[in-house]
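Here is a short tour for anyone who likes to look at binding sites atom by atom. Have the viewer ready and follow along.

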Amino acid sequence: MSIEDEIRGKRTSSTKWRKYSQDVIPAWIADMDLGIAPVIAAELTQRIESGDLGYPCADIETNFLDAFADRYIGKFNTALDPRLGLVSTDVVQSIVISILTLTNPNEGVIVQTPIYPPFLQSVVDTGRRLRENPLLQTEGSWEMNFAELETLAREPDTTLLLLCSPHNPTGRVFTQTELVKVAEICSRNNVLVVADEIHCDIVFEPNYHIPFASISPEFASNVITMTSATKSFNIAGLRCSVVHFGSQDLKSRYEFYDSHVRGSISSLAMLAATAAWQKGDSWLKSTLSTLQSNRDLLTQFINNNHFGLKYNQPQGTYLAWLDFRDTRASESPQELLLNEARIALSPGPDFGKSGKGWARLNFATRPEILEEILRRIDATFS
Ligand SMILES: Cc1ncc(COP(=O)(O)O)c(C=O)c1O
């Protein structure tokens, strides 16, 4: 079967593959086209085949939170108390609830743009003030603007920083030195930090993820950590994540919205995430190697292109933040590539004001499909 026929025939139930018409290659929303770990399939199949789908017993949630804490200590050397964790439907929900319960209307919330669009929406939708702290583009990388971060944090009404680490869409994996500076600034200015670490496992060597909660023992009680197995293990459709609080006080404030309002999580989702964290690492390792070689292929393509496309190679995530400003697609790259190349990227302006002329590409697909994406981009500009 040709790759074109394969793409036309590929109709999963995911929004990634359903949103656009059948000749379009979807490279937008952050799902992978790389299947799931056999341990997850086995866990789900076993529960379904045995008809074991009653209301979940408390152990399922406890085991899920223990698996999360075991992973943070085992993989990231960070001790988190599972009793200060909660299961949540998804990370975006936890962000919105954190803003609603841990800040007041009209207070300022800092986000580091360009940024995963729900960060922006959640601040605006909850009636808080958006304080943008754009990342600075340096030769080959992205850096935080600490001077400006300090200025924004010092504003008397600023109470929260939404940190995305690793960072979507730039793929930056922040270093200890950078995170220490963030903690110092936020500590000096009494700013809480929500650390969205959903991409913590998708990090390419020699980079490594450092949980923000591990950065400063003095500041750790002001950190709310969010993550999930859904991104690393490709199970976003199951809807399940974890939110962990640096103190009982933060947790109690968050629980102003009780579980009837927040919604309860399906047993299958918690069991799948637990199985992934406890037994999925060999699958994750081989998936990471595919992602890294895809990223390298993309880097090679961008280094060799003659039509002005640029990017800073991501250190983590399977997302590439592509700079089309010097190409003929500078006005609206997402639209032009959808219309002319039949590829669906995520539009840059969704990630903040600075996103005009940019688009985000999801390269978590089979290498043959990525090659076809790159062939189509090349043909569009050549
Ligand atoms: C940084 C970040 N946070 C959160 C999410 C979404 O997580 P959830 O589906 O759990 O809301 C994504 C999805 O791409 C993401 O990139």
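## Around the ligand

A polar side-chain atom of N168 sits 2.7 Å from an oxygen atom of the ligand. Please keep in mind that this is a predicted model. Two other side chains also reach oxygen atoms of the ligand: K231, through an N or O atom at 3.0 Å, and R239, through a polar atom at 3.3 Å. The ligand exposes 390 Å² when taken alone, and the protein buries 94% of that area.

Here are these contacts side by side.

| Side chain | Distance to a ligand oxygen atom |
|---|---|
| N168 | 2.7 Å |
| K231 | 3.0 Å |
| R239 | 3.3 Å |

Which residues surround the ligand? The shell is made of A30, D90, V91, V92, Y116, C164, N168, D196, I198, H199, K231 and R239. By character, these shell residues split into six nonpolar, two polar and four charged. If you run a pocket search, the space that the ligand takes up is the largest pocket.

Now for the charged pairs. How many salt bridges does the structure hold? The count is 25. One of them joins the side chains of D81 and R83, with 3.1 Å from N to O. D81 counts as partly exposed because its relative accessibility is 26%, and partly exposed covers the range between 20% and 50%. R83 has a relative accessible area of 64%, so this residue is exposed. Another salt bridge links the side chains of E150 and R188, where the N to O distance is 2.6 Å. In general, side chains of opposite charge can pair when their charged atoms come close.

Technical notes. Residues are numbered from 1 along each chain as its sequence is written. This is a predicted model: local features need pLDDT of at least 70, side-chain atom pairs count only at pLDDT 80 or more; totals for chains, interfaces and linings use all residues. Side-chain values use heavy atoms; hydrogens and water are left out. A residue is near a molecule or strand if one of its heavy atoms lies within 4 Å of it. A polar contact is a pair of N or O atoms within 3.5 Å; within protein, one must be able to donate a hydrogen and the other to accept it, and residues adjacent in sequence count only if both atoms are side-chain atoms. Accessible areas come from the Shrake-Rupley method with a 1.4 Å probe; for residues, only the protein chains shown count as cover. On a 1 Å grid over the protein atoms alone, a cavity is a set of points where a 1.4 Å probe fits but cannot get out, and a pocket is an open set with protein on both sides within 12 Å along at least five of seven lines; lining residues have an atom within 4 Å of a point. A molecule sits in a cavity or pocket if more than half of its atoms lie within 2 Å of its grid points. Ala, Val, Leu, Ile, Met, Phe, Trp, Tyr, Cys and Pro count as nonpolar, Asp, Glu, Lys and Arg as charged, and the others, Gly among them, as polar. A salt bridge is a side-chain nitrogen of Lys or Arg within 4 Å of a carboxyl oxygen of Asp or Glu. Buried means under 20% relative accessible area, exposed over 50%, partly exposed in between (1.4 Å probe, protein chains only).
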